[in-house]
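Colleague: I am new to this model and would like a close look at just one part of it. Please choose one, show me what it is made of, and tell me what lies around it.

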Amino acid sequence: MQIIEVPVVIVGAGPAGIATAGCLNKLRISNIVLERDDCPVSLWRKRAYDRLKLHLGKDFCSLPHYPFPSDFPNFVPRVDFLRYIDSYIAHFNI
């Protein structure tokens, strides 16, 4: 049986794209994330109002293999969510 390697391309650097890249990096599967904007989670960074919060509790919204810090409030505000995403990106080397 011959093993064929194919590149994995993730389209979009929103939370789902970032989570997919994190899972693949954890498994040491090379990938590339393509984003049309100049930053990850651009909707949260550029188009969301300052008082925005996750509408579900943090236990239901964390990305794979990386829970929210225990000192975050249950309904995570926008600024804390962005810090969490940046920390996720650094942790999984995305």
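Modeller: Let me start with the words helix and strand: both are DSSP runs, a helix (H or I) having at least four residues and a strand (E) at least two, and they are numbered from the N terminus. This is a predicted model, in which local features need pLDDT of at least 70 and side-chain atom pairs count only at pLDDT 80 or more, while totals for chains, interfaces and linings use all residues. Residues are numbered from 1 along each chain as its sequence is written, and side-chain values use heavy atoms, with hydrogens and water left out.

The part I have chosen is helix H3, but a short tour will help you find it. The protein has three helices and two strands, and from the N terminus on these run β-α-β-α-α. Its C-alpha atoms fill a box of roughly 55 × 30 × 20 Å along the principal axes. Of the 94 residues, 35% are buried (under 20% relative accessible area; exposed is over 50% and partly exposed in between, with a 1.4 Å probe and protein chains only).

Now to H3 itself, which covers residues 78-91. Its 14 residues should span 20 Å at 1.5 Å a residue, and because the end C-alpha atoms are 20 Å apart, the model agrees (the expected span is 1.5 Å times one less than the number of residues). The buried residues of H3 are Arg-78, Asp-80, Phe-81, Leu-82, Tyr-84, Ile-85, Tyr-88 and Ile-89. A general point helps in reading such a list: an α-helix has 3.6 residues a turn, so residues three or four places apart point the same way.

What do the buried residues of H3 pack against? They meet H1 and helix H2, the latter at 42-46 (contact means heavy atoms within 4.5 Å). H3 also takes part in the largest nonpolar core, which has 19 residues (a nonpolar core is a set of buried Ala, Val, Leu, Ile, Met, Phe, Trp, Tyr and Cys residues joined through side-chain atoms within 4.5 Å). The members that touch the most others are Leu-54, Leu-63, Phe-68, Phe-81, Tyr-84, Ile-85 and Tyr-88. H1 and H3 each supply at least two residues of this core, and H3 gives the largest share, six residues. Phe-68 shows how a core member reaches H3: setting aside residues up to four places away in sequence, Phe-68 touches Leu-54, Lys-58, Cys-61, Ser-62, Val-76, Phe-81 and Tyr-84.

Asp-80 also deserves a look. This residue lies in H3 and counts as buried because its relative accessibility is 15%. The side chain of Asp-80 makes a polar contact with that of Arg-83, at 2.9 Å (a polar contact is a pair of N or O atoms within 3.5 Å; within protein, one must be able to donate a hydrogen and the other to accept it, and residues adjacent in sequence count only if both atoms are side-chain atoms). Leaving out residues up to four places away in sequence, Asp-80 touches Phe-72 and Pro-73.

On the H2 side we find Arg-45, which lies in that helix and is partly exposed, with a relative accessible area of 25%. Beyond its neighbours within four places in sequence, Arg-45 contacts Cys-39, Pro-40, Arg-78, Leu-82, Ile-85 and Asp-86. A polar atom of the Arg-45 side chain also lies 3.0 Å from the backbone oxygen of Pro-40. Val-41, in the loop between E2 and H2, is buried at 2% relative accessible area and has a positive phi near 40°.

On the H1 side, the buried residues of H1 are Gly-17, Ile-18, Ala-19, Ala-21, Gly-22 and Leu-24, and what covers them includes E1, E2 and H3. Strands E1 (residues 8-11) and E2 (residues 31-34) pair in the parallel sense over four bridges (pairing takes at least two DSSP bridges), with Val-8 opposite Asn-31.

Finally, look past the end of our helix. Asn-93 sits in the segment after H3 and has a positive phi of about 55° although it is not a glycine. Is Asn-93 buried or exposed? Asn-93 is exposed, because its relative accessible area is 66%.
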